[in-house]
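New to this one? Here is a quick walk through the model, to be read with the picture beside you.

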Amino acid sequence: MAPKKRSLSYEFSKGLVRENPVLRLLLGTCPTLAVTTSTKNGIGMGLAATFVLLGSNLIISLLRKSIPDKVRIPAFITVIAGFVSIVQMLMQAYLPELNKSLGIFIPLITVNCIILARAEMFASKNAVLPSVVDGLGMGVGFTAALFLMGAIREILGNGTFLDIPLPALQAGGWIDPMIIMILPPGGFFVFGILIALANKLSEQLDKKKDTGVKDPLVDECVGAINEASACALCGACSVGTKFRETHGFKDETDDAAQDQKGDKS
Amino acid sequence: MKELLIILFSAILVDNFVLSRFLGICPFLGVSKNVKTAMGMSMAVIVVMVFASALTWPVQNFILYPRNLGYLQTGVFIVIIASLVQIIETFLKKSIPALYRSLGIFLPLITTNCAVLGVTILNVDNQYTFVQSISHAAGAGLGFMLALFLFSGVRTKVDRADVPKFMKGLPITLVSAGLVSISFFGFKGLIEKLFS
């Protein structure tokens, strides 16, 4: 359980690229696809989730010794739901328009796998300061990925960037806006291509330098993703597996895993 | 009755939870590898969605609204869903072990499935009556099942296709999900035509 001592800057920066929650760990896919119809929505969603991540990581890391192991998942979810309610009320009061366009996805931050996964994988095992920095890094990484998705979809689909029209991309310019990009299928397309690019980039980065410090959990997680297996299943690699083990699901899970392997061959 | 059917079918086809509302993407990508697991997961989701809607509606309308506690909605709903899942799990384990073996592994994962919390919140946002909420939940669950079933078929084909190395796995899966989502645009005008 004792975590290795790592610098705070490492904890912060890992969330940006190497362990980017959206593009590398594939957590929180639902809001990523749903709210990125414009850059503004993407940033808004990212910042709201960052706030919740910071708060929940702080509280859970403070409570990590007093939460009994058996009921930790419900306890984490309750803490997270509290922070989500705060964000919801703040946004209703000060950013009603953004709140309207994000709609149901604000309360759904509660079940966003990124937050639960950080609580389970990091905050419940580490001291307060690293947990907060980890939350901040992951939040910024999430926001950056949403910003990227939102920008691509808004520029191609609407011919605007942050609501400023780009003449070359308006109707009659070089290329007409492709409405499909801001419709649901566009979300799947852009996300798929971005993940492919992220895989390609990190492959090259890995070749260039071996960072030396490796988080076994994350390696497991990334490995599972590369097989496109059930890791996308809301952090099945961390939260899910442990959860199932504690509930005595081990045999069935192994069966299911074997089923999947058999399916592949 | 007509109204209920409209709610049911638009939740299945037009506003499909997975392909147009983007709820429950994680299980959609995670368990769509073969048809059998896809069906197991969908059955579990349908059951939990209907029961969760039936439980959260009275709580919202008889406890939270009259007492002006609307801001507690998120927290209360997630606690209800989490305990509901736990109760269903215990019940199945004790009384219907055969069903438990096939659905059991999916149940804990449903707590963090945003489609379930999503359906209960949408019931409130759309101000549905109790019966309408149930119909909406059933439609959402069936829509989830339809999307998962169709997509697991597509996926078995895609897995055997020859795609560029960096597109292998999830990227190509997502792009094909986009294509399946386009096919659902075909249902857009269906509901008005069918029930007018």
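What follows looks at the two chains, then at a core and a couple of helices.

First, a word of caution: this is a predicted model.

**The chains**

Let's start with the make-up of each chain. Chain A has 11 helices and 2 strands. Going from its N terminus, the order is α-α-α-α-α-α-α-β-β-α-α-α-α. Chain B, on the other hand, has 10 helices and 0 strands, so its pattern along the sequence is simply α-α-α-α-α-α-α-α-α-α. With a radius of gyration of 18 Å, close to the 16 Å from the globule rule for 196 residues, chain B is as compact as a globular protein of that length. Its C-alpha trace spans about 60 × 45 × 30 Å along the principal axes.

Here are the two chains side by side.

| Chain | Residues | Share buried |
|---|---|---|
| Chain A | 265 residues | 46% |
| Chain B | 196 residues | 47% |

How do the contacts reach along the sequence? In chain A, 74% of the contacts between residues at least 6 apart join residues at least 24 apart. For chain B, residues 24 or more positions apart make up 78% of the contacts with a separation of 6 or more.

**The core**

In soluble globular proteins, nonpolar side chains tend to be buried together. In this model the largest nonpolar core holds 106 residues, and Val52(A) and Ile80(A) touch the most other members. Which residues does Ile80(A) contact, leaving aside neighbours within four places in sequence? They are Val52(A), Ser56(A), Thr110(A), Ile115(A) and Leu116(A).

**Two helices of chain B**

Helix 1 of chain B covers residues 2–14, and its buried residues are Ile7(B), Leu8(B), Ala11(B), Ile12(B) and Leu13(B). Among the elements covering them are helix 8 (130–160) and helix 10 (190–195) of chain B.

Now for helix 7 of chain B, residues 114–125. At 1.5 Å a residue, its 12 residues should span 16 Å, and the end C-alpha atoms are indeed 16 Å apart. Is this helix enclosed or open? Because 11 of its 12 residues are buried, helix 7 of chain B is largely enclosed by the rest of the structure. The buried ones include Cys114(B), Gly118(B), Thr120(B) and Asn123(B). They pack against helix 2 (29–34) of chain A, and also against helix 3 (35–64), helix 4 (73–95), helix 6 (107–110) and helix 8 of chain B. After helix 7 of chain B comes Gln127(B), with a positive phi near 50°.

Note on methods:
Residues are numbered from 1 along each chain as its sequence is written. Chains are lettered from A and ligands numbered from 1 in the order in which they are written. This is a predicted model: local features need pLDDT of at least 70, side-chain atom pairs count only at pLDDT 80 or more; totals for chains, interfaces and linings use all residues. A residue is buried if 20 or more other C-beta atoms lie within 10 Å of its own, exposed if 12 or fewer, and partly exposed in between; C-beta atoms are placed from the backbone. Helices (H or I, at least four residues) and strands (E, at least two) are DSSP runs, numbered from the N terminus. Two residues are in contact if their C-beta atoms, placed from the backbone, lie within 7 Å. The radius of gyration is taken over C-alpha atoms; the globule rule is 2.2 Å times the number of residues to the power 0.38. A nonpolar core is a set of buried Ala, Val, Leu, Ile, Met, Phe, Trp, Tyr and Cys residues joined through C-beta atoms within 7 Å. The expected span of a helix is 1.5 Å times one less than its number of residues.
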